[in-house]
Amino acid sequence: LYTSTAENRIDLMSDFPGGQFCSAMTEGDLNDDGIEDLIVGAPFASADGKQWNGAVRVIFAKNASEGANDYLEFYGENSGDQLGTALTVGDFNNDLVDDLAVSAYNAQEGGLRPGKVYIVWGGKNLPSRMTTQVDNQVGQTAISISVRYSDYQIFGKDNSDQFGISLASLDANGNGIDDLLIGAPFASGPDFSQSGAVYLYFGSTDGLSLNPSYSLYAKSEDE
């Protein structure tokens with residue numbers, strides 16, 4: 001990936017052959033320093049001794065005079081999770097700071113693979129909060145995303161739902177707080193099996209709702 005402004009250019013390289021680095025990208029000011037940060041997914045990365053668990057790199061942008069960019073890198077919890085399939089940014093808890101939603105559509109939960117979406121709250125303390133947990137300093141730090149490091153997790157219902165294969169943020173109810181849309185193309189609805197679903201989670205000052213506020217199901221089988 002190459003980004004450039006005038007004569008300045010920053011080269012961002014993946015450390016994972018075949019990891020499909022940059023297959024998902026988004027931007028947002030996650031550390032609340034007034035500069036947009038770049039978030040990049042590599043869902044086929046094999047890291048932390050696992051295969052195809054996936055990786056997401058949060059690159060904290062700086063002014064060119066400040067030197068190399070620091071970053072945090074999250075790895076999927078289990079082989080085959082494919083963390084970084086989809087990414088979106090929104091202010092889901094109404095604190096005026098961008099938050100990050102990251103999906104692992106093949107993630108394990110309860111011995112099955114329904115898929116999972118991780119939420120990481122943004123804030124000025126985000127880099128230090130994460131690196132303190134791994135006894136490190138802000139810099140080029142990699143950690144396995146889990147209950148310990150994510151602030152919130154949302155799971156699919158059934159095996160192979162592919163929950164989280166697509167994500168979007170928007171203010172669906174018009175209250176000024178971002179909400180989260182999660183796609184699950186093989187989820188089963190009340191009438192049809194594996195016909196697909198879209199789930200809407202409302203944001204609030206307490207964060208995202210624990211259960212979908214609305215669920216939209218396909219109108220025919222195998223749609």
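This tour goes from the whole chain to strand β8 and its two neighbours.

The model is predicted: local features need pLDDT of at least 70, side-chain atom pairs count only at pLDDT 80 or more, and totals for chains, interfaces and linings use all residues. Residues are numbered from 1 along each chain as its sequence is written, and side-chain values use heavy atoms, with hydrogens and water left out.

**Whole chain.** Colour by secondary structure. You get one helix and 15 strands (DSSP runs, H or I of at least four residues for helices and E of at least two for strands, numbered from the N terminus). Now show the surface. Its accessible area is about 10700 Å², with 47% from carbon and sulfur atoms (Shrake-Rupley method, 1.4 Å probe). Of the 223 residues, 47% are buried (under 20% relative accessible area, 1.4 Å probe, protein chains only). Turn to contacts (heavy atoms within 4.5 Å). Of those between residues at least 6 apart in sequence, 51% join residues at least 24 apart.

**Strand β8.** Select residues 99–104. Six of the six residues are buried, so β8 is largely enclosed by the rest of the structure. Show the side chains. Asp99, Ala101 and Ser103 point one way. Leu100, Val102 and Ala104 point the other way.

**Strand β7.** Add residues 83–90. This strand pairs with β8 in the antiparallel sense over five bridges (pairing takes at least two DSSP bridges between two strands). Pick Val89: its bridge partner in β8 is Leu100.

**Strand β9.** Add residues 116–120. Here too the run is antiparallel to β8, with five bridges joining the two strands. Finish on Ala104, which stands opposite Lys116 in β9.

Note on methods. Buried < 20%, exposed > 50% of the residue type's maximum accessible area, 1.4 Å probe, protein only.
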